[in-house]
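Visitor: I should like a close look at a single part of this model, with its packing set out element by element. Please begin with whatever criterion your reasoning requires, and then proceed to the part itself and its surroundings.

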Amino acid sequence: MLPISDSPEPQRKPKSPEQTLIDHQKNSSNSLHSLLQPYLSPYNPLSWLIFSVLFLQIVLLLMTKSLPLSTRRTHFPSPYPNYLLFKSAANISYPDQSTNFSSSDQCSFGRIFVYDLPPEFNREFIEKCDELSPWSSKCAALSNEGLGKRATGLAGIVPEELIPAWYWTDQFASELIFHNRMLNHKCRTMEAESATGYYIPFYAGLAVGKYLWFNYTAKDRDRYCEMVLRWVQGQPYWNRSNGWDHFIMMGRITWDFRRSKDDDWGSSCIYMPGMRNITRLLIERNPWDYFDVGVPYPTGFHPRSDADILHWQDYVRSRHRSTLFCFAGATRRKIKNDFRGILLSHCKNESSSCRVVNCAGTRCTNGTSAILETFLDSDFCLQPRGDSFTRRSIFDCMVAGSIPVFFWHRTAYFQYEWFLPGDPRSYSVFIHRNDVKNGTSVKKVLEQYSKKEVWKMREKVIDYIPKLVYAKPNQGLETIKDAFDIAIDGVLKRFKEQEQPEYKWK
């Protein structure tokens, strides 16, 4: 027996945080065990209920794992982690893409079957083009297989031999351009069973455009989409994959097809069950929806050959630019504290460094020679958001070799990752809109870039021009891939990856 001592107890050494945590876990475990022991007894009816529920969950889990992959897939998040959405543009990077591909790679990702839809879903819209808009006929804008009217007034602005490659193309004409190119695509197959991807040539943008204004009902705006989805879901190749290998070009912004309530804007086409798994090409995507893919707005330049591309690149590279920056656009008077109005005022106050093209009303519809000349003469072009986060002017600006200045990340960086350089700083300038509102001078920011830095950014913009334009020939260019080719290759690559058993969604 140890002797009893009257001496004070020795001072204990404080426990480390790790030891404290271990003791806490032990105590918690003991407490939990004593608490649950009566309920886990084999003689308690409640314990049999708990065991039965657990057993059923295990059986259901095993059954789910045995189902075919196509029936187990659900919606997946945007390919961008959430934290990227809150980083500055300087920290965003996407994988780079090369412009040219060898002939051996032409159909390495598979072949495409084009559905022969009833004409009411595509051709009849063109035949009734004078009924597509509540204000005026769309026939001229949709002529020349979607390229529109030949451009005029370009003498002295564009090299004479390239003028025939320019059109006043409507920003919502992508559906026609893609359909015509798809019908002549080198990887198109007439044997549906051998296809990797299935193209649905439904002109969703033209179908809804007429019904977006005035007193049309939600039923009017949804009618065509509902009908075409019923038709497609009746096809055997849809049932094979439940739409996972199907894709469509929808020639407007995604928000025109995302109506949640009957009283809201647009159709509910994207929210319809049949559209759930279809890859959707749009001129503006929802960055949080994996199935939305942003593709460039159509511009006025439609090269006829590789030579046209190279000639134009040389031309914009050697162009003398007399203006530091420019802005082509109009104010939005109904918007409180309209940011466009701030930029216009800023530009007018810096008239020696900034050039303005006032696009009030319909002056700039589908492009003008004044806009093109302004972009060709300017080092930088200001690109605030349009009626939505994106605007066609981004691509008009870059095709002219001008460096875009963005004020929202979602205007380009979260939209067109297949088509733009991986590092935003390599081809663009980002100035947060709040800085401008608080007095930051756009002119002073742009003047800080050296001639060498401006030259490097312009070279990057010029290198990417082929990816931003849609070629005129329905067969595409000889060796250079344009925006259409990049989009289709990207879609087919997705489909091939999804077929792999080890493929993991991110």
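Guide: A residue counts as buried when its relative accessible area is under 20%. Gly476 has a relative accessibility of 13% and is therefore classed as buried, although this residue belongs to a loop, the one that joins helix H16 (465-468) to helix H17 (483-499). The model is a predicted one. In it, the C-alpha atom of Gly476 lies 9.6 Å from that of Asp306, a residue 170 positions away along the chain.

Asp306 leads to the part chosen here, since helix H9 spans residues 306-318 and packs with helix H15, residues 451-463. Their axes are 10 Å apart and make an angle of about 160 degrees. An angle over 145 degrees counts as roughly antiparallel, and H9 and H15 are therefore described in that way. The crossing of H9 past H15 is right-handed. On the H9 side, the contact involves Gln313, Val316 and Arg317, while H15 contributes Arg458, Glu459, Ile462 and Asp463. By class, the residues of this contact comprise 4 charged, 2 nonpolar and 1 polar.

H15 also packs on a sheet, where this helix touches strands E10, E11 (403-406) and E12, its direction making about 70 degrees with that of E10. The sheet is open and has 5 strands, paired in parallel in the order E9-E8-E10-E11-E12. At its edges stand E9 (354-358) and E12 (429-430), each of which pairs on one side only. Within the sheet, E8 (residues 323-329) and E10 (residues 378-383) are joined by 3 bridges in the parallel sense, and Thr323 faces Ser378 of E10.

Two further helices bear on these strands. Helix H10, residues 339-349, lies across E8, E9 and E10 and runs at about 140 degrees to E8. Helix H11 covers residues 369-376, and its buried residues are Ile371, Leu372, Thr374, Phe375 and Leu376. Those buried residues pack against E8, E9 and E10, and also against H9 and helix H12 (393-399). H9 is thus a partner of H11 through these residues, as well as a partner of H15.

Returning to the loop that holds Gly476, one may follow the chain into H17, the helix at its far end. The axes of H17 and H5 come within 11 Å of each other and cross at roughly 75 degrees. H5 is therefore roughly perpendicular to H17. Phe178, Arg181 and Met182 of H5 meet Phe484, Asp485, Ala487 and Ile488 of H17. The composition of this contact is 5 nonpolar and 2 charged residues, with no polar ones.

H5 itself runs over residues 174-183 and includes His179. The relative accessible area of His179 is 8%, and this residue is therefore buried. Apart from neighbours within four places in sequence, His179 contacts Asn122, Tyr199, Pro201 and Tyr203.

For the wider setting, the protein chain holds 17 helices and 12 strands. Of its 506 residues, 52% are buried. Among contacts in the chain with a separation of 6 or more, 74% join residues 24 or more positions apart.

Terms used: Residues numbered from 1 in each chain as written. Predicted model: local features only at pLDDT ≥ 70, side-chain atom pairs only at ≥ 80, totals over all residues. Heavy atoms only, no water. Axes fitted to C-alpha atoms, helices over the stretch in contact; angles between N-to-C directions. Helix = DSSP H or I, 4+ residues; strand = E, 2+ residues; numbered from the N terminus. Parallel < 35°, antiparallel > 145°, perpendicular 65-115°, else oblique. Left-handed = near helix turned anticlockwise from the far one by under 90°. Contact = heavy atoms within 4.5 Å. Nonpolar A, V, L, I, M, F, W, Y, C, P; charged D, E, K, R; others polar. Buried < 20%, exposed > 50% of the residue type's maximum accessible area, 1.4 Å probe, protein only. Pairing = 2+ DSSP bridges.
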